[in-house]
Amino acid sequence: MAEHENYTSYLAEEYVIQEEPFYLPVGDEIELFEVAYSQNLPVLLKGPTGTGKTRFVEYMSYRKSIPLMTIACHEDLTASDLVGRYLLEGDETRWVDGPLARAVKAGAICYLDEIVEARKDTTVLIHPLTDHRRILPIDKRGEVLEAHDGFQLVVSYNPGYQSALKDLKHSTRQRFMALELTHPPADLEARIVQHESGVSEEMSVALAKLGEKARNLKDHGLQEGVGTRLLIYAGKLIARGIAPRRACQVAVTWALTDDQQVQRSVDEVVNSIFE
Ligand SMILES: Nc1ncnc2c1ncn2[C@@H]1O[C@H](COP(=O)(O)OP(=O)(O)O)[C@@H](O)[C@H]1O
Ligand SMILES: [Mg+2]
C-alpha cells in the first residue's frame, strides 16, 4: 500500500476544480447525486446535447471537493487508453497508468463522456467497477486495483443518438442510477443564458422562448431540440453587437439542421420572436 499512501496527490492539481462552476439545478439532481456518491452508486447522465451534463459533473466535483477526470469517449478509445500501457523509454519499458486507473487510485470522479462511442472492450472494463467489487483489473500487469473510497464513476449518454449499433447494452446500463437532464424550463433557461452570455434579461427571456418554441418543432424533422448551449452562443453574438435574427440564424438555425425546409421553420420561429 505504501506507494499509494498519498492517493489524493496522485492526480495533478489541474483536476481539482478551483472555482465554483455556475450551475442551476433543474430538479433534485444534486441531492440524488450526493446520495449516489455516498452509497457508491455509479451514475448515468442521460440527456440531449447542451443540457448541462458536463457542467453538472464539474459542479458536483467542486461541491464535493473531489478531483474530476473527464474522458471523451470515441470509437478508437481502447481499454489500454483507459487503463494504461507500457511505454518504451530508451531500452526500458515503463508502465504508465491511464486516466481511469489514476481516477480509481486517487478517488476521483471519472466521467466517461458519450460512453456509447467507446469500443465494446472499454465498456466491459468498467463493469467490475460498477458493482460491489469496485475493482479495475489490469490484465497486462496481472494486477487488480481496488477503487479508493472516493472513486465515483459517471457516464453520459444521449438517448437521441440511439441506433442499433450505438445503443447502451442493458448489461451496462443496468449498473447505473440514471439521472435525466432535460432542457430546463424557460425561466431557468433564461437565467442560464443571461449568466453565460451576458445578454440583458429581456433578451435572455426571448432566447429561452426561442428554445422552447424551436423544441416544439421536433416533429417537423428536427432530430433533436436546440440545446441551451446554442442559445448561449446566440446570446454571446447578440451581446457583442450582432443583430438578433442574424445571430440566431448562425448560432441556432444553421447549427441545428442542414435541411432547408426545417431551417425555414426554425427561421419562422426566430422571426416571430425578434420582429
Ligand atoms: N443547469 C445549468 N446550469 C448552468 N449552466 C448550464 C446548465 N445547463 C446548461 N448550461 C450551460 O450550457 C452549456 C452546455 O452545457 P454542457 O454541460 O456542456 O452540456 P452537455 O454536456 O449536456 O452537452 C454549459 O457550458 C453551460 O453554460
Ligand atoms: Mg458534455
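Biologist: Why is Cys-73 called buried?

Modeller: In this predicted model, Cys-73 has a relative accessible area of 9%, and because a residue counts as buried under 20%, Cys-73 is placed in that class. Cys-248 is treated in the same manner, since its relative accessibility is 0% and it therefore counts as buried.

Biologist: How do you know that Cys-73 is in no disulfide?

Modeller: A search of the whole structure finds zero disulfides. For Cys-73, the nearest cysteine sulfur is that of Cys-110, and it is 8.4 Å away; a disulfide needs two cysteine sulfur atoms within 2.5 Å, so Cys-73 and Cys-110 do not make one.

Biologist: What is the overall make-up of the protein chain, in helices and strands?

Modeller: The protein chain has eleven helices and nine strands, and its C-alpha atoms fill a box of roughly 65 × 40 × 40 Å along the principal axes. Of its 275 residues, 48% count as buried.

Biologist: What makes helix 4 mostly covered?

Modeller: Helix 4 covers residues 99-106, and seven of these eight residues are buried, namely Pro-99, Leu-100, Ala-101, Ala-103, Val-104, Lys-105 and Ala-106. Because buried means under 20% relative accessible area, each of those seven residues falls under that cut-off. Just after helix 4 comes Gly-107, which takes a positive phi of about 75 degrees.

Biologist: Which residues other than glycine have a positive phi, for instance one near 55 degrees?

Modeller: Asn-40 is one of them, with phi near 55 degrees, and it is found in the loop between helix 1 (29-38) and strand 1 (43-46). Glu-114 is another residue that is not a glycine and has a positive phi, of about 55 degrees; Glu-114 lies in the loop between strand 5 and helix 5.

Biologist: Why is Asn-40 called partly exposed, and why is Glu-114 called buried?

Modeller: The relative accessible area of Asn-40 is 31%, and because partly exposed is the class between the 20% and 50% cut-offs, Asn-40 belongs there. Glu-114 has a relative accessible area of 18%, which is under 20%, so Glu-114 is buried.

Biologist: Is Ile-30 buried or exposed, and how do you know?

Modeller: Ile-30 lies in helix 1 and has a relative accessibility of 12%, so it counts as buried. Ile-30 and Leu-179 are 149 residues apart in sequence, while their C-alpha atoms are 10.0 Å apart in space.

Biologist: What makes up the lining of the largest pocket?

Modeller: The largest pocket holds about 510 Å³ of space. It is lined by 23 residues, and the closest to its centre are Gly-50, Thr-51, Gly-52, Arg-55 and Arg-229. The elements that give two or more residues to this lining are helix 2 (53-63), strand 5 (109-113), helix 7 (186-197) and helix 9 (228-239), and helix 9 gives the most, with five residues. By class, the lining of the largest pocket has nine nonpolar, six polar and eight charged residues.

Biologist: How do you know that ligand 1 has a polar contact with the side chain of Thr-54?

Modeller: An oxygen atom of ligand 1 is 2.8 Å from an N or O atom in the side chain of Thr-54, and because a polar contact is a pair of N or O atoms within 3.5 Å, this pair qualifies. An oxygen atom of ligand 1 also lies 2.9 Å from a polar backbone atom of Arg-55, and a polar side-chain atom of Arg-229 is 2.8 Å from an oxygen atom of ligand 1. Around ligand 1 there are 15 residues, and the closest are Leu-24, Gly-50, Thr-54, Glu-196 and Arg-229.

Biologist: How many cavities of 30 Å³ or more are there, and what lines the largest cavity?

Modeller: The count comes to one cavity of 30 Å³ or more. The largest cavity has a volume of about 50 Å³, and a space is called a cavity because a 1.4 Å probe fits there but cannot get out. Its lining includes Asn-40, Leu-41, Pro-42, Arg-134 and Phe-151, and the elements that give two or more residues to it are helix 5 (120-130) and strand 8 (152-157). By class, the lining of the largest cavity has five nonpolar, three polar and two charged residues.

Notes: Residues are numbered from 1 along each chain as its sequence is written. Chains are lettered from A and ligands numbered from 1 in the order in which they are written. This is a predicted model: local features need pLDDT of at least 70, side-chain atom pairs count only at pLDDT 80 or more; totals for chains, interfaces and linings use all residues. Side-chain values use heavy atoms; hydrogens and water are left out. Buried means under 20% relative accessible area, exposed over 50%, partly exposed in between (1.4 Å probe, protein chains only). On a 1 Å grid over the protein atoms alone, a cavity is a set of points where a 1.4 Å probe fits but cannot get out, and a pocket is an open set with protein on both sides within 12 Å along at least five of seven lines; lining residues have an atom within 4 Å of a point. Grid points are joined across faces, edges and corners, and a volume is the space filled by probe spheres set on the points. Helices (H or I, at least four residues) and strands (E, at least two) are DSSP runs, numbered from the N terminus. Ala, Val, Leu, Ile, Met, Phe, Trp, Tyr, Cys and Pro count as nonpolar, Asp, Glu, Lys and Arg as charged, and the others, Gly among them, as polar. A residue is near a molecule or strand if one of its heavy atoms lies within 4 Å of it. A polar contact is a pair of N or O atoms within 3.5 Å; within protein, one must be able to donate a hydrogen and the other to accept it, and residues adjacent in sequence count only if both atoms are side-chain atoms.
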